[in-house]
Amino acid sequence: MSSVESDGTNTELSPEMISIMEECAFSTGNFASVFMPERFYRPFSSIHAKIFDAIDDPRYQLVLIMAPRGFGKTSIDTIAYPARNIVYGIKKFIVPVSATSTSAELQSENLKKELLSNNNLEVLFGPQKTPKWSMESWVSASGTMIMPRGAGQQIRGLLHGMHRPDLIICDDLETAEGVRSEDQRAKLLEWFMSDVMGSVDMGSKNWKIVVVG
């Protein structure tokens, strides 16, 4: 697919733009190529296609992505994937999780920056910034809350209105020091199984947990 080109002056959507929006609604690969060509400028491989299938298919609620560094998995799973869910209003409560609260907030800020600086997204979906726009948590114009959390922080019991977390993205959960300690690995696993897994509505089919490593 080709990228969207707009000077930001025409707010009336052409049939072509509407068609592009429809094609990107359920495909992170298409969304990334069309709306973020400067970030995703290399062709996607067959392995990328498998990643997109796993994160986009609602039948897969628990997803583990393992790929080498430099593969673009973090850009896909912490920028393009949540951005698509935000602008289309697919998910209502997204929790980016990393080894520390600082790294989780940095991922959240990178996502914010993309939404604020991407002219094509603003033209087609409107400005995403709202009065609720802090580093600790923020709400997009589509009504999606994003609340970054560090490993070990509380996730279970969090609510955004009537919504529990429905998309949790865990990227680089372990620190170099933590993986060397059996006790730290056990604590992290216990927290993940109790707090992360316990935060979603298990009776619903609308939640997803993605672990990237």
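**Entry 1: V97**

I began with V97 in this predicted model. Is V97 buried or exposed? Its relative accessibility came out at 0%, so I wrote it down as buried; the cut-off for that word is under 20%. I then checked where V97 sits, and found it in strand β2.

Next I asked which residues V97 is in contact with, leaving aside neighbours within four places in sequence. My list reads A104, Q107, R149, G150, A151, I155, I168, I169, C170, D171, L173 and W191. I also looked up L13 for a sense of distance: V97 and L13 are 84 residues apart in sequence, and their C-alpha atoms are 36 Å apart in space.

**Entry 2: the nonpolar cores**

Which residues touch the most other members of the largest nonpolar core? I found F31, F35, M36 and I55, in a core of 39 residues. Helix α4 gives this core its largest share, seven residues. There is also a second, separate core of 19 residues, and my friend V97 turned up there, along with M147, L158 and I168.

**Entry 3: helix α3**

I55 made me curious about helix α3, which covers residues 46-56. I noted its buried residues as H48, I51, F52, A54, I55 and D56. What do these residues pack against? I found four partners: α2 (28-35), β1 (62-65), α4 (73-87) and β7 (208-212).

A handy reminder for reading any helix: an α-helix has 3.6 residues a turn, so residues three or four places apart point the same way.

**Entry 4: helix α4**

α4 kept coming up, and I gave it a page of its own. How far does α4 reach from its first C-alpha to its last? With 15 residues it spans 20 Å, close to the 21 Å expected at 1.5 Å a residue. I counted 13 of those 15 residues as buried, so α4 is largely enclosed by the rest of the structure. After the helix comes G89, with a positive phi near 65°.

**Entry 5: the cavity**

I searched for cavities of 30 Å³ or more and found one. How much space lies in the largest cavity? About 50 Å³. The lining is made of D77, T78, P82, I94, P96, Q107, L111 and I169. I sorted these residues into five nonpolar, two polar and one charged.

Which element gives the most to the lining? It is α4 again, with three residues. At least two residues each come from α4, β2 (93-98) and α5 (101-117). I was pleased to see Q107 and I169 among the lining residues, since I had already written both down as contacts of V97.

**Entry 6: W207**

On to W207, in the loop between α7 (182-196) and β7. Its relative accessibility is 7%, so W207 also counts as buried. Its contacts, again without neighbours within four places in sequence, are Q61, L62, K91, P165, D166, V200, D201 and M202. I compared positions with F44 too: the two are 163 residues apart along the chain, and 26 Å separates their C-alpha atoms.

**Entry 7: D172**

My last stop was D172, in the loop between β6 (167-171) and α7. What is the sign of its phi? I found a positive value of about 55°, although D172 is not a glycine. Its relative accessibility is 34%, so I put D172 down as partly exposed.

Methods: Residues numbered from 1 in each chain as written. Predicted model: local features only at pLDDT ≥ 70, side-chain atom pairs only at ≥ 80, totals over all residues. Heavy atoms only, no water. Buried < 20%, exposed > 50% of the residue type's maximum accessible area, 1.4 Å probe, protein only. Contact = heavy atoms within 4.5 Å. 1 Å grid on protein atoms, 1.4 Å probe; cavity = no way out; pocket = protein on both sides within 12 Å on 5 of 7 lines; lining within 4 Å. Points joined across faces, edges and corners; volume = space filled by probe spheres on them. Nonpolar A, V, L, I, M, F, W, Y, C, P; charged D, E, K, R; others polar. Expected span 1.5 Å × (residues − 1). Core = buried A, V, L, I, M, F, W, Y, C linked by side-chain atoms within 4.5 Å.
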